[in-house]
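Hi,

Here is the model I said I'd pass on, so have it open while you read. My notes follow below it.

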Amino acid sequence: MDSFFFLFSSLAILSGFMVIRAKNPVHSVLFLIFVFCNVAGLLILLGLDFFAMVFLVVYVGAIAVLFLFVVMMLNIKLVEINENLLRYLPIGGLIGIIFLLEIFLILDSDLIPFSSNYPFYIQWPALITHASNIQSVGVLIYTYFCYYFIVASLILLVAMIGAIVLTMHKNVAVKKQEVFEQNTREFTKTVQKLQVYRNRIYCFNLN
């Protein structure tokens, strides 16, 4: 387990560094997807299989693919990226150093894996009940947080209906097929026989 932890964590850190170091934006998005996959592996090692699956579905399947399509459609030039990198490098380095200091200040010494006193975690939920993560999350959502779940679903429904209404533009010039009117027509009144006699067209109904 420790070897997998160091493998996923080192690959995640290396991929995160390559996200900001790669010159091609498409390569940056691909490295970002690799970061998400490694973080999902770390979540699986922690026993959070449901959150790992959600992480892959939401971040890799939706957000990262959206980033990839946007980057491919924008056609960003590499010269502009190099200029912006040199311009924002001091600010980005300062923010990164502050972020690392906050991490080391928040974490306790006994939580670091390199410490001599390696912590031993007792999985109390596994000793009390044998419910999986999906069952636990489902019980919480559909019992204690059912009202919030219903409100969130209604908000998503309104957003979906609003997107459909905004994209529907009624154009009068476009010919549409009226199926009900076509089915209710009588055959004798719709089909007509045309006959040409002395350069004149005569119309006859089929009765």
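H1 passes H2 in a left-handed crossing (left-handed if the near helix is turned anticlockwise from the far one by less than a right angle, right-handed if clockwise). Both names are DSSP labels: helices are H or I runs of at least four residues, strands are E runs of at least two, and numbering starts at the N terminus.

Before I go on, the small print. This is a predicted model, with pLDDT of at least 70 needed for local features and 80 or more for side-chain atom pairs to count, while totals for chains, interfaces and linings use all residues. Residues are numbered from 1 along each chain as its sequence is written, and side-chain values use heavy atoms, leaving out hydrogens and water.

Back to that first helix pair. H1 covers residues 2–21, and H2 runs over residues 25–45. Their axes (lines fitted to C-alpha atoms, for helices over the stretch in contact, with angles from 0 to 180 degrees between N-to-C directions) sit 8 Å apart, and the packing angle is about 155°. H1 and H2 are therefore roughly antiparallel (over 145 degrees; under 35 is roughly parallel, 65 to 115 roughly perpendicular, and the rest oblique). On the H1 side, the residues making contact (heavy atoms within 4.5 Å) include Phe 4, Phe 8, Ala 12 and Val 19. Their partners in H2 include Phe 31, Val 35, Asn 38 and Leu 45.

Ser 9 is another H1 residue in that interface. With 18% relative accessibility, Ser 9 counts as buried (under 20% relative accessible area; exposed is over 50%, partly exposed in between, with a 1.4 Å probe and protein chains only). A polar atom of the Ser 9 side chain lies 2.8 Å from the backbone oxygen of Phe 5. For reference, a polar contact is a pair of N or O atoms within 3.5 Å; within protein, one must be able to donate a hydrogen and the other to accept it, and residues adjacent in sequence count only if both are side-chain atoms.

Three residues in H2 are worth clicking on:

- Ser 28 sits in H2 and is buried at 13% relative accessibility. Not counting residues up to four places away in sequence, Ser 28 touches Val 19 and Ala 22.
- Ile 33 is in H2 too, and its relative accessible area of 17% makes it buried. Outside its neighbours within four places in sequence, Ile 33 is in contact with Val 60 and Ala 64. From Ile 33 to Ser 15 is 8.9 Å, C-alpha to C-alpha, across 18 residues of sequence.
- Cys 37, also in H2, is partly exposed at 33% relative accessibility. With neighbours within four places set aside, Cys 37 contacts Leu 56 and Val 60. The C-alpha atoms of Cys 37 and Phe 8 are 8.9 Å apart, with their positions 29 residues apart along the chain.

Now for another helix pair. H3 (residues 49–74) and H6 (residues 133–144) cross at roughly 80°, and their axes come within 7 Å. H3 and H6 are therefore roughly perpendicular. Asp 49, Phe 50 and Phe 51 of H3 make the contact with Asn 133, Ile 134 and Val 137 of H6.

Zooming out, the chain holds 9 helices and 2 strands, in the order α-α-α-α-α-α-α-α-α-β-β along the sequence. Of its 207 residues, 11% are buried. If you take contacts between residues at least 6 apart in sequence, 45% of them join residues at least 24 apart.

Last, the annotation. An unreviewed UniProt entry lists "transmembrane region" for residues 6–22, 29–48, 54–76, 88–107 and 141–166 (positions follow the numbering used here, feature names are shortened, and annotations may be inferred rather than shown by experiment). How much helix does the model have over residues 29–48? That stretch is 85% helix and 0% strand, with its end C-alpha atoms 25 Å apart. For residues 141–166, the make-up is 96% helix and 0% strand, and the end C-alpha atoms lie 32 Å apart.

Cheers
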